[in-house]
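Good morning, and thank you for coming. I should like to take you through a few local features of the structure that will now be shown.

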Amino acid sequence: MYERLTAIRRALAEAPTWAIADRLAEQVAKEYDVLDVELLLVDYRLGALVPLRGGEPHTHPGSPGWRSFDHQSELAADDALFLPVTARGDRLGVLRVAPAVVDRADVAELAEVAEMLAHELSAAWAKTDRYAAGARVRRLTLAAEMQWELLPGRSCVRPAFSLAGQLEPAYAVRGDGFDWSDDAGRLAVAVVNGMGEGVAAAMLTTLAISALRNARRAGLPLADQAALADQAVYAHHGGAAHVEALLLELDLRTGEVTIVDAGSPRLMLLRDGEVGEQRLEAQLPLGMFEDTIYQPQRMALRTGDRLLVLSDGVFDAASTSSRYGESALDRFVRRTRSLAPLEAVRSLLGDLRAFVGGELVDDAVVVCLDWAGPRG
């Protein structure tokens, strides 16, 4: 066992960043006597598993690759073994090994190999274009390219929480974005919406998120982070442009959440089967005035709570006859409680696209956070 894993780990360590998946495939084929090893990357919309070496994307929800991805488990089907490629809860895709390996010890080893691959891909993603280009089924707009480059990931799973977020329209998103940081004893989350269209909106969101990160990394409290970002946006635009934002900071030891509401993103709480919007003190969006002072608010989470942060593109999405609105959202949030955050987010945005009958006109962001209880 250890010799095979060591050989694979060495092959990964010695591979050029663009060839990590290829070297792993060669080594796995050699060590486990299989014929084909293929990496399927999940696309930007979470709607296709795209073979890195080319070929037809897997788009059918019930296919073996998707079942492995959704359930995050090994699955043998169609004379192949499918294994989730996931690092710290961030789901990157699925590894397909054919013919199917049936020995239980070998399957357990290959599951570890798939996780190894996920960590290597996470480290290599920004150093080569191969994986980012390989994970798309069509070209991104320039604004969308900028927004996706800002993201810390799409999902994260730790002992105290599970977290996921998604942007829509995935290939043409403009001003909506999100950020998070998992630190010792603290989780920071921001959902932002830069006003305007296209690249101008993306640049505004980039400025706001960069300013928030700068302030957070300097150790400033949440209200001061908002104030610094407010000043940064105002300094560049003089009040002519603004960014709506909702900032959260979760104390992982107590479950207390500190909140600054600086605009339209809404906060919903699912607790004991009941859904309710958290009514917050609305404060000015970032960048409207030169020296806005922000006041933090607080709420306490209970074990089992689910928080959702939604941009106005979710609430205001319209079909030819009606708006999606709060009642439809409440029903859907309750119905998807059993799903993991990433699946819940994907399902909600899929339901939203079905409601409007195609692509969303306005940007929409959904971030979902499950609280598992305090951790030291």
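**Aromatic pairs, a hairpin, a glutamate and two cysteines**

The structure, which is a predicted model, holds 5 aromatic pairs. One of them joins W66 and F69: the centres are 5.2 Å apart and the planes stand at 80 degrees, an edge-to-face arrangement. Where do W66 and F69 lie? Both belong to helix α3, residues 64-71, and 3 residues separate them, about one turn of the helix. W66 counts as buried because its relative accessible area is 3%, below the 20% cut-off. F69 is buried as well, with a relative accessibility of 1%.

A second arrangement is found between F178 and W180, which form a stacked pair with 5.5 Å from centre to centre and 20 degrees between the planes. F178 has a relative accessible area of 0% and is therefore classed as buried. For W180 the relative accessibility is 8%, so W180 also counts as buried. In general, two values describe such a pair of rings: the distance of the centres and the angle of the planes.

Two further points concern the rings. Y44, W148 and Y171 are linked into a cluster by ring pairs. Returning to F69, its ring face has R91 lying over it, at 5.7 Å from the ring centre.

Let me now turn to strand β8, residues 176-183. Is this strand largely enclosed or largely open? It is largely enclosed by the rest of the structure, because 6 of its 8 residues are buried. Its partner is strand β9, residues 186-194, and the two pair in the antiparallel sense over 8 bridges. Within this pairing, G177 stands opposite V192 of β9. The hairpin that β8 and β9 make has 2 residues between the strands, and G185 adopts a positive phi there, near 80 degrees.

My next topic is a single acidic residue, E168, which is located in strand β7, residues 161-168. Is E168 buried or exposed? Its relative accessibility is 1%, so E168 is buried. What does its side chain reach? One partner is the backbone nitrogen of A170, at 3.3 Å. Another is the side chain of R353, which a polar contact of 2.9 Å joins to that of E168. If we set aside neighbours within four places in sequence, the residues in contact with E168 include R45, V173, L349 and L360. Also among them are R353, E359, D362, D363 and A364. R353 thus appears twice in this account, as a contact of E168 and as its partner in the polar contact.

Finally, I come to the cysteines. A disulfide, as you know, is a covalent bond between the sulfur atoms of two cysteines. How many disulfides does a search of the whole structure find? The search finds 0. C156 takes part in none, and the nearest cysteine sulfur to it, that of C368, lies 13 Å away. Why is C368 not bonded to C156? The reason is distance: C156 holds the closest cysteine sulfur to that of C368, and 13 Å is too far for a bond, given that a disulfide requires the sulfur atoms to be within 2.5 Å. Both cysteines are buried: C156 has a relative accessible area of 10%, while C368 has one of 0%.

Note on methods
Residues numbered from 1 in each chain as written. Predicted model: local features only at pLDDT ≥ 70, side-chain atom pairs only at ≥ 80, totals over all residues. Heavy atoms only, no water. Helix = DSSP H or I, 4+ residues; strand = E, 2+ residues; numbered from the N terminus. Buried < 20%, exposed > 50% of the residue type's maximum accessible area, 1.4 Å probe, protein only. Polar contact = N/O pair within 3.5 Å; in protein donor to acceptor, adjacent residues only side chain to side chain. Contact = heavy atoms within 4.5 Å. Phe/Tyr/Trp six-rings, centres within 6.5 Å; stacked < 30°, edge-to-face > 60°. Lys NZ or Arg CZ within 6 Å of the ring centre and 35° of its normal. Pairing = 2+ DSSP bridges.
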